[in-house]
Amino acid sequence: MGSPHLLELGSRSSVDESSRPPTPGGEEEIVEPEQGNILYHIISQLRPGADLSRVVLPTFLLEPRSMLERITNFMAHPETLLPMPEIDDPLQRFVSVVKFYLSGWHIKPPGVKKPLNPILGETFTGYWEYPDGTKGYYIAEQTSHHPPKSSYFFMAPEHNIRIDGTLKPRSRFLGNSAASMMEGISYMEFLNRGKEKGHGER
């Protein structure tokens, strides 16, 4: 249920699904000596505060999917997403939104790798099939290259849910570690609520 189905029409992704290696079950990954030498060479050329989005990294440090697909982690838990429009109590609805948002952060590759940078204009489309026979639809596009910016749209029409957002990831080298900041904005609308039905409640 977690990963979306790729749409054959209109899907232009930087990842070939058939070429993905199986993901190991553990959280740790062994770095070979040659890989360690490459990594040390890259780090030795960096200065604190360097923008890592402009650094060409070796493939063993990259997650085999782009940022456009990685955003789908946040739609991977329909059990928290789909019931929200039917919750009448505003406080409980707010708690459910927070729970849904936090649920997407636990999905990560071994070693917490960096996703591939999408090229400008690249798109990723997909859909989820839910147990009740309905579907959720997703489309994302890379709308800026420097600085990187990914815009996305999700909708589950039968459940009156719509999400629009823009993600602007930033990363910095801090000397002996790296920092990753996920900036951006996301609007979630419940189309069955609000003063004007059909326009929804944010």
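I began with Glu129, which counts as partly exposed because its relative accessibility is 41%, and partly exposed covers the range between under 20% and over 50%. This is a predicted model, so I am reading computed values throughout. I placed Glu129 in strand E4, residues 123-129. I also checked its distance to Pro78: the two are 51 residues apart in sequence, and their C-alpha atoms lie 9.9 Å apart in space.

Next I turned to strand E7, residues 161-173. Which of its side chains are buried? I found an alternating pattern: Ile161, Ile163, Gly165, Leu167, Pro169, Ser171 and Phe173 point to one face and are buried. Arg162, Asp164, Thr166, Lys168, Arg170 and Arg172 point to the other face and are not buried.

Then I looked up the partners of E7. Strand E6, residues 149-156, pairs with E7 in the antiparallel sense over seven bridges. I noted Ile163 in E7 as the bridge partner of Phe154. Four residues separate E6 and E7 in their hairpin, and Asn160 in that turn has a positive phi of about 60 degrees.

With strand E8, residues 178-190, E7 also pairs in the antiparallel sense, over 13 bridges. Here I saw Arg162 standing opposite Glu189 in E8. E7 and E8 form a hairpin too, with four residues between them, and Gly175 in the turn has a positive phi of about 110 degrees.

Last, I checked confidence. The protein chain has a mean pLDDT of 78, with 73% of its residues at 70 or more. Over residues 8-25 the pLDDT is below 50, although this stretch has 27 contacts in the model beyond near neighbours in sequence. Where pLDDT is low, predicted coordinates should not be read in detail.

Terms used
Residues are numbered from 1 along each chain as its sequence is written. This is a predicted model: local features need pLDDT of at least 70, side-chain atom pairs count only at pLDDT 80 or more; totals for chains, interfaces and linings use all residues. Side-chain values use heavy atoms; hydrogens and water are left out. Buried means under 20% relative accessible area, exposed over 50%, partly exposed in between (1.4 Å probe, protein chains only). Helices (H or I, at least four residues) and strands (E, at least two) are DSSP runs, numbered from the N terminus. Two strands pair if DSSP finds at least two bridges between them. pLDDT is the predictor's confidence in each residue, from 0 to 100. Contact means heavy atoms within 4.5 Å.
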